[in-house]
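Subject: Structure for you to look through

Hello,

Here is the structure I said I would pass on. Please open it next to this message, and my notes follow below.

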Amino acid sequence: PVGSERYREYAGDIHDSARHLLSLINDILDLSKIERGTLKPEDEVLDVPAAVGAVETLVKDRAERGNVTLKLEFAAPLPDLRADSRQLKQMLANLLSNAIKFTDPGGTVTVDVRFDPDRGYRFDVVDTGIGLTPEDIPKALAPFVQVDRSHARKHEGTGLGLPLTKRMIELHGGRLEFESEPGVGTRAALVFPASRAVERETLGPAQDHATT
């Protein structure tokens with residue numbers, strides 16, 4: 001009958017599979033554009049907590065299904081950031097999706113955002129997951145390569161997320177920092193140059209506004 005719970009589950013599976021396939025196609029297209037030198041960041045002035053919050057919304061259900069706690073931490077004061085909005089969200093979504101995927105139930109994934117004039121604008125994604133050995137890290141950063149470890153191979157993926165993220169942050173003049181330890185977890189950080197920080201103008205009383 002129409003409205004059957006089983007049919008809703010089928011429709012949900014079809015929808016999730018279609019979104020996953022579309023994501024893979026977009027990743028391949030973006031990587032191809034980067035290799036041809038035709039993918040350029042479109043600079044926008046971004047409200048960083050709002051951008052991170054939008055990505056959290058995208059991955060929150062996945063974290064809940066995996067019983068993984070997701071935390072956001074912002075070190076004040078945070079200036080705005082001059083970056084490509086779509087690419088920033090894609091990079092963060094890639095890092096968060098990986099962190100959640102390789103973190104066992106009961107674990108934690110934390111996004112720590114802070115700005116330092118000397119160290120740049122940092123987005124650290126830290127998990128308590130399975131971790132990688134030093135020898136495995138170069139493989140994780142290579143396109144279409146998955147780490148050949150028994151407890152990691154059970155997770156689906158094409159091996160495009162980290163390589164694409166690395167190249168996108170480099171298009172912004174930044175870098176991807178990656179460190180990991182088996183059984184302890186992984187820290188992956190997007191580091192934008194400090195020159196991309198945009199100080200907010202002080203609003204007068206008539207211009208001030210609040211959000212709810």
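Leucine 190 has many contacts beyond its neighbours within four places in sequence: Leu88, Met91, Leu92, Leu95, Tyr121, Arg122, Phe123, Thr165, Ile169, Arg175 and Leu176. Please keep in mind that this is a predicted model.

Leu190 also belongs to the largest nonpolar core, which has 41 residues. Leu88, Tyr121, Phe123, Leu190 and Phe192 are the members that touch the most others in this core. The element that gives the most to the core is helix α3, residues 85–101, with eight residues.

Next, the salt bridges. The structure has eleven of them, and I looked at three.

- Arginine 122 and aspartate 124 are joined through their side chains, with 3.0 Å from N to O. Is each partner buried or exposed? Arginine 122 is buried, because its relative accessibility of 7% is under the 20% cut-off. Aspartate 124 is buried too, at 2%.
- Arginine 114 and aspartate 112 meet at 3.1 Å, N to O. Here arginine 114 is partly exposed, with a relative accessible area of 35%, whereas aspartate 112 is buried at 13%.
- Aspartate 136 and lysine 139 have their closest N and O atoms 3.9 Å apart. Aspartate 136 counts as buried, with 8% relative accessibility, while lysine 139 is partly exposed at 39%.

Some salt bridges share partners, and these join Arg122, Asp124, Arg175, Glu177, Glu179 and Arg187 into one network. Two of the names in that network, Arg122 and Arg175, are also among the contacts of leucine 190.

Last, a sheet. Three strands form an open sheet in the order β1-β3-β8, and their pairing is antiparallel. Why is one side of β1 and of β8 left without a neighbour in the sheet? Strands β1 (44–46) and β8 (197–198) stand at the edges and have a single partner strand each, so one side of each has no neighbour there. As background, strands of a sheet pair through backbone hydrogen bonds, in either a parallel or an antiparallel way. Between β3, residues 80–83, and β8 there are two bridges, in the antiparallel sense. To find this pairing on screen, look for aspartate 80, which stands opposite valine 198 in β8.

Regards

Terms used. Residues are numbered from 1 along each chain as its sequence is written. This is a predicted model: local features need pLDDT of at least 70, side-chain atom pairs count only at pLDDT 80 or more; totals for chains, interfaces and linings use all residues. Side-chain values use heavy atoms; hydrogens and water are left out. Two strands pair if DSSP finds at least two bridges between them. Helices (H or I, at least four residues) and strands (E, at least two) are DSSP runs, numbered from the N terminus. A salt bridge is a side-chain nitrogen of Lys or Arg within 4 Å of a carboxyl oxygen of Asp or Glu. Buried means under 20% relative accessible area, exposed over 50%, partly exposed in between (1.4 Å probe, protein chains only). A nonpolar core is a set of buried Ala, Val, Leu, Ile, Met, Phe, Trp, Tyr and Cys residues joined through side-chain atoms within 4.5 Å. Contact means heavy atoms within 4.5 Å.
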